[in-house]
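Biologist: Could you take a close look at one helix and its surroundings, and then follow the account outward to the rest of the assembly? Please give the cut-offs behind each term as you go.

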There are 2 protein chains.
Amino acid sequence: MDHSTSLLRLIFLALGAALVLLVLHSTFRLPRGIDTSTTSLFDDAVAVGSCTRFAPWGCNRKKPKAAASHDTDVPRHPLDPLTVAEINRARELLRAHPPFSSSPSSLFVHSLELDEPDKPVVQSWKKGADPLPPRRAVAVVRFRGDAFVLAIDLAGGAVTPLPVPASGYPTMTMDEQVSLCFAPFSDPEFNATIRRRGVRMSDVACLPISPGWYGPAEENRRVIKSQCFSAEGTANFYMRPIEGLTVLIDMDTSEVIHISDRGTGIPIPSAANTDYRYIRHMEEGRHLKSTEEGQEAGFQKVRAPSMEPAPAGAGVELVDGHTVRWGGWEFHLKADARAGMVVSRAGVQDPATGARREVLYKGMASELFVPYMDPAEAWYFKTYMDAGEYGFGLQAMPLVPLNDCPRHARYIDGVFVAADGRPYVRENMICVFERYTGDVAWRHSESPITGMDIRESRPKVTLVARMVASVANYDYIMDWEFQMDGLIRIKVGLSGILMVKGTTYSHMNQARENEDMHGTLLSENVIGVIHDHYVTFRLDMDVDGAENSFVRVEMARQETAPGESPRKSYLKATRHVARTEKDAQVRLKLYEPAEFHVVNPTKKTRVGNPVGYKVVPAGTAASLLDPEDPPQKRGAFTNNQIWVTPYNKSEEWAGGLFVYQSRGEDTLATWSERDRPIENKDLVLWYTLGFHHIPCQEDFPIMPTVSSSFDLKPVNFFESNPILKQRPTKEDDLPICTATNA
Amino acid sequence: MDHSTSLLRLIFLALGAALVLLVLHSTFRLPRGIDTSTTSLFDDAVAVGSCTRFAPWGCNRKKPKAAASHDTDVPRHPLDPLTVAEINRARELLRAHPPFSSSPSSLFVHSLELDEPDKPVVQSWKKGADPLPPRRAVAVVRFRGDAFVLAIDLAGGAVTPLPVPASGYPTMTMDEQVSLCFAPFSDPEFNATIRRRGVRMSDVACLPISPGWYGPAEENRRVIKSQCFSAEGTANFYMRPIEGLTVLIDMDTSEVIHISDRGTGIPIPSAANTDYRYIRHMEEGRHLKSTEEGQEAGFQKVRAPSMEPAPAGAGVELVDGHTVRWGGWEFHLKADARAGMVVSRAGVQDPATGARREVLYKGMASELFVPYMDPAEAWYFKTYMDAGEYGFGLQAMPLVPLNDCPRHARYIDGVFVAADGRPYVRENMICVFERYTGDVAWRHSESPITGMDIRESRPKVTLVARMVASVANYDYIMDWEFQMDGLIRIKVGLSGILMVKGTTYSHMNQARENEDMHGTLLSENVIGVIHDHYVTFRLDMDVDGAENSFVRVEMARQETAPGESPRKSYLKATRHVARTEKDAQVRLKLYEPAEFHVVNPTKKTRVGNPVGYKVVPAGTAASLLDPEDPPQKRGAFTNNQIWVTPYNKSEEWAGGLFVYQSRGEDTLATWSERDRPIENKDLVLWYTLGFHHIPCQEDFPIMPTVSSSFDLKPVNFFESNPILKQRPTKEDDLPICTATNA
């Protein structure tokens, strides 16, 4: 090749590197007191310098609102996440441990988390009375191409190897996700392709796409696929795919294994109308400030939320940084690099006795499965498992005050670990706030029929814990909502940006009759590809204690006997206690309805009903992929909506500990096949919430939130309505508010 | 019979009569300027007098918050409900019309409503420019045992008979619902039964229960069943059934046809822990005032909602009393005696063009179906159709400020008609308020993967229109929620009090193994009987115009051809345009997913997609009763979740115009069987939202609200995300609030 191209190549390399640094800088904050001299991840000059080169991507970076300093943190609860100091201690122990000690710089940390003490230890721990149980960590690292799982005794210093899964690889490090996209920048064929497509190298933005696993082709090799976009003229490069270009890269050597270009002739969609940033609209609106002017410039007439917090703020207590107390509820809440947000030891006060009663030992999103529905070369492999491949928590960015969460929200940071083992802080990753929606907790009016003049109504007030994971284009809004009546609603909201496909079509009249376009034409040359989302939650239920049973209360038509009644039929409920795991594999059917109870068979109400909680599905979707299709084998944990397994500390991740390039040998489905007894045992309930998404034009260029949820609801858990004695709201309970911008 | 019993009987009769009067008084307000001399419904003396006799039912009657005077109302919109003056005018015309003129006092008005002008007339009407179209009323009356349906020209005075349905009877009048319960008080056998059960006559509260229709037994006779309870020691008499006692009454003669008593030996459940009124808890709590003290006395620790309105209040415009404008939406909102709440002419502003685009011509709850699941003599007939039998709007009571609706809510009254044809006002029956829940309208953050420092998020603000119908024991909270992105969420909340059954059991250990108890033992001697709720909505969709088509977008597994792709399968979407009604009968299946679009085939987006709205089901339930079971034949409109019919002004009520004792000859199911063409026509979409309810102890003595919903959502209706240019909220958009009761 000639001199100019090699020079060009050097520039591209520099750009790529600069981008990596900029990137990490823009969202990480280094704890005070940590030496940064050896890592350039946090080098301001580079970041700012490169930022100017990436002008279209916007440099309006605001300094994040100061959060609590973490360098002085100490754990206060057995389930508190590793502190900055503990992570540094673990890092030292790992680097001193053979064989890593021979070349610490070759050690890459893929995960480093608290190794939670055994349940009985945690359950018996009394705050104030007992010291913290010994602090232990569990690390997943790679060293010279091999993966290791290690238990680390932070006090004693012992580092103990644990078994390593037979197949699959650990969750990618952020460093890999960022840097490997740019490996192809050094490849002449790649550069030639980009040139052919008429894209300036400085406008190229690439995404690291997990390849799934489709057979022996890339066996024993850790690979990633990079696909690229043009960011020219928009921050929303996702709408400008360089269609059909896929670069296969070796994750360990950064070597480009193969470049596939099936997209020649497919134009890159225009940047017009794709940018969603307010600053950009303000520019278009010639910097109009007020709503009125803004509206003339095409702004929606939108006023500020008309409901805002009382000065007392919400009655949310955040104790020792991680224990939330509110409205009879108490639970432990923390950030997790893989699960995102973890709720532990959720218990509720029984208003009849004042006693605290346990409901849920641990609840979290265990895995996601997001298969796209296009078998084409550049699309078939897009079957993401966002928790195990990318780290659902690692992708959670700081929440936007006033917009992601109400003004009175409280925030919790995450403390995570970079590939070099150093800790970093993800600020304002979780918010907690009290919510009043204007809904009614319970009510009754007497009608003229009985003539009793009764008008009793109680407003519903709830508590929300929220985090948002931005896995590249998509944003997952994860809410845990706690109600005073004991109900827990777990809600997933989908927003963010679609993964779109370039097409030569600019109008539907160019498509053949009944042509399978695998999606919807959203704009000229842009197809929103059909896909599903599945979020599988692991719910370690402890209903009034660890020993629980799973009961299916089936409702079916019962025909009456001749002459028994003028009615021919009625709905009859029958209770079935699940004896083994297979009894508890549930596929929901509208015409075979049932309730799904987790009960404590040893605890009965006054009149003899077993105390319990039920999982209450709402709108959901089921995967229709062929069970033998490789993605569905890896995502087999979505084969049922409900599973119940006996508690097993090693069974936390529905897709297996190592899901990257996994083969589906170690999923919830394989565990459940063992058909272990589950009656009167410590149970784990698994629920999968699903969405089918056929995109529509309203999803362009950014999607209005779509959400769905399911509930954990008390069923004969309380003797009677636990909020019977809630006070009605009176005028003088309410604050007086005055405008600030009138 | 001896002298004392006949004396006793007289007293009971007096009590019954007094109760009727009290009852009506307690919830009706007579418009100013209406002569009350001829009606005793509003006689204060009687009301207060009897009130004292019914002490347990509470006399803490507060004067309703003054509403707008209605006696000067004039209609301002073609769809405005009949005014007080128009109702009086219609009454005069009816009473002067033969044969009614021969004996006006024998004329009973069962319904008197606006006869809405034809759609084209309403659609072409321009406010300000055009006069109102001629005002017409339609009345359903009974006279000497016959039903009449009459069209009334309010200006010209013409009264024109319309066809009368072959079977069934009109909606009961409130007067009948109230008075007929007490007919049996004059019956010696009834009195003897009550005595045997040990209930004081002054404690007896009875309910009027629609009998359904089970064959020729009571043919050609309008009957009702009365069942009674003991109100001794509680306002919640529903929890104290005199089990098994059913009195069959002729509605026209008030004659007791038959008394069935199958409950001897079944104790009346205790009053303990059944009362839910705050005043009662305050008494128990020795009049404790503050939350803290209250809590000691057993009150839940509950603070006032922590979010409250900005001083500007919500940005809700209520124009001419019935037209709501908010956030791009405009629609007409009114109370209806049968449907409860009616939304008309809902249109949304297209932010791209500023044009107002129609979505929904008329939407309302058309009918309900609430079958109980016990074939016993005293239960089999409980299969309520609350709209057509009781009047869903007639049962809607004044909303409770601050508790049913937020402080800044606006209220709309209902103007209804008593049996004698006189108007009365139901105050604060509908509320409208802007809501901010803390949810996110859309958002995206860039992750470190791309390194673009983007944190864009927009809060979701919505508008809610709400009414609550209290049909005897149950409370139905009906919400229509309008979002700025064009989505309409229709939500039904269930609260209030269960219909329970007395039992000899006080503990489950008294029940036989697998005994079918038809419900759950909620408390000693109280069974909460299993039942379903179905609410069928009539949605006259006009998506960008009247001519629409119904499209089923079916998603199914598509296997790939050998060698086509490493993927074996994917999800393929196929569009099916429904040609006739039967093509559009939908039973939802999780494993046969589809989207359901109402599109305008003549209107395409820029890239050629037909503009549309889709109906998006969420959690629901389907009736499992035998299709040949009389209740299911009458409730056949619940046989599918979705139906589509061509617009027909006469097809408004899914169970038929006369559903009382109807035989299922005139339901949505029979109309749809005609299989009329529905392609590119003015369409009506019907959606049924269902609930299975197996009661649990938490539902005792009053139910925490359970709700479900469905959405009408734009699908390629807008060219792109219509809220893309919504402004983010800034600190100075928000009010400053200070406590009032700190």
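Modeller: What follows begins with helix α3 of chain B and then moves outward to its surroundings, the aromatic rings and the contact between the chains. This is a predicted model, in which local features need pLDDT of at least 70 and side-chain atom pairs count only at pLDDT 80 or more, whereas totals for chains, interfaces and linings use all residues; side-chain values use heavy atoms, with hydrogens and water left out. Residues are numbered from 1 along each chain as its sequence is written, while chains are lettered from A and ligands numbered from 1 in the order in which they are written.

Helix α3 of chain B covers residues 84-95, where helices (H or I, at least four residues) and strands (E, at least two) are DSSP runs numbered from the N terminus. Its 12 residues should span 16 Å, and the end C-alpha atoms are 17 Å apart, which agrees; the expected span is 1.5 Å times one less than the number of residues. The buried residues of this helix are B:Val84, B:Glu86, B:Ile87, B:Asn88, B:Ala90, B:Arg91, B:Leu93 and B:Leu94, where buried means under 20% relative accessible area, exposed over 50% and partly exposed in between (1.4 Å probe, protein chains only). What covers them includes β1 (107-114), β2 (136-143), β3 (146-153), β4 (159-162), β16 (410-417) and β17 (423-445) of chain B, with contact meaning heavy atoms within 4.5 Å.

One of these covering strands, β16, holds B:Arg410, which at 35% relative accessibility counts as partly exposed. Leaving aside neighbours within four places in sequence, B:Arg410 is in contact with B:Val316, B:Leu318, B:Ile430, B:Cys431 and B:Val432. From B:Arg410 to B:Val432 the C-alpha distance is 5.2 Å, although 22 residues separate them in sequence.

Turning to the rings, the count over all chains comes to 50 aromatic pairs, given that rings of Phe, Tyr and Trp (its six-membered ring) pair if their centres lie within 6.5 Å, planes under 30 degrees apart counting as stacked, over 60 as edge-to-face and the rest as tilted. The rings of B:Phe369 and B:Phe637 have centres 6.4 Å apart and planes at 70 degrees, so this pair is edge-to-face. B:Phe369 lies in strand β14 (residues 356-371) and B:Phe637 in the loop between α10 (630-634) and β29 (642-646) of chain B, so the pair ties together parts that are 268 residues apart in sequence. B:Phe369 is buried with a relative accessible area of 0%, and B:Phe637 is likewise buried at 0%. Also in chain B, B:Lys119 lies over the face of B:Tyr647, 4.6 Å from the ring centre; a charge sits over a ring if NZ of Lys or CZ of Arg is within 6 Å of the ring centre and within 35 degrees of the ring normal.

Finally, the contact between the chains takes 208 residues from chain B and 208 residues from chain A. The area buried between them is about 18400 Å², of which carbon and sulfur atoms give 56%, buried area being the accessible area (1.4 Å probe) that two parts lose on being put together, summed over both. In chain B, B:Ile449, B:Arg567 and B:Tyr591 lose the most area to chain A, together 5% of what that side buries. Across this interface the rule finds 14 salt bridges, each a side-chain nitrogen of Lys or Arg within 4 Å of a carboxyl oxygen of Asp or Glu; A:Asp439 forms one with B:Arg435, the closest N and O atoms being 3.0 Å apart.
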